[in-house]
Amino acid sequence: MIECTLFENHPLLSKIDKSMVSIPVLAHRLVQNQSVIISKCLPDIIKNINEMLNASVLDFNKLPRNLTSIPEAMVAFMQIVRSFKETLQKILIRGELDYYEDDKQMHCNAQLSEMVDKLSKDLQSSVNFS
């Protein structure tokens, strides 16, 4: 292989200990480094996933199971509007952008527009007007 020839014949590279050079040695070293990085980051990733899962479960549990009458539908709608109002307060008044932690560069108005669009689509898909 070319790298073997290079490390054997080059005046400076030939002085390096043979146990430190080669593609398998490099691959092993990279795997070790990657393992260290993963072991450092994984607990935080798991923590964030669990927090997001718990928040989603809480939101899911707030939703009504079956809407059998107009008053129940109105109560559910008012809960959605109240939740939306609280989210708007978090974004516009307190500047909390926890719904978009992965995209901190996105402007608040763009985030609000996306949220309103998603709410509109969710409402349209969940309400049966028949």
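**Exercise 1.** In which helix is the place of Leu42? Work that out, then look at its surroundings.

*Solution.* A word on the ground rules: this is a predicted model, where local features need pLDDT of at least 70, side-chain atom pairs count only at pLDDT 80 or more, and totals for chains, interfaces and linings use all residues. Residues are numbered from 1 along each chain as its sequence is written, and side-chain values use heavy atoms, with hydrogens and water left out.

Step 1: Leu42 sits in helix H2; helices (H or I, at least four residues) and strands (E, at least two) are DSSP runs, numbered from the N terminus.

Step 2: Leu42 has 39% relative accessibility, so it counts as partly exposed. The scale goes like this: buried is under 20% relative accessible area, exposed is over 50%, and partly exposed is in between (1.4 Å probe, protein chains only).

Step 3: Leu42 joins Ile38, Ile45, Ile46 and Ile49 in a nonpolar surface patch, with about 430 Å² of accessible area together. Patch members have over 30% relative accessible area and no salt bridge; like charges are joined within 9 Å, and nonpolar side chains (Val, Leu, Ile, Met, Phe, Trp, Tyr) within 5 Å. The areas come from the Shrake-Rupley method with a 1.4 Å probe, and for residues only the protein chains shown count as cover.

**Exercise 2.** Find how many salt bridges the whole structure has, and describe what you find.

*Solution.* Step 1: the search turns up one, a salt bridge being a side-chain nitrogen of Lys or Arg within 4 Å of a carboxyl oxygen of Asp or Glu.

Step 2: the partners are Glu51 and Lys47, at 3.7 Å from N to O.

Step 3: both lie in H2 (residues 23-62), four residues apart, or about one turn of the helix.

Step 4: Glu51 is partly exposed at 44%, and Lys47 is partly exposed too, at 48%.

**Exercise 3.** Set H2 in the context of the chain.

*Solution.* Step 1: the protein chain has four helices and zero strands.

Step 2: H2 has 40 residues and spans 56 Å from first C-alpha to last, close to the expected 58 Å (1.5 Å times one less than the number of residues).

Step 3: in H3 (residues 70-93), the span is 33 Å, close to the expected 34 Å. Ala76, Thr87, Lys90 and Ile91 are buried in H3.
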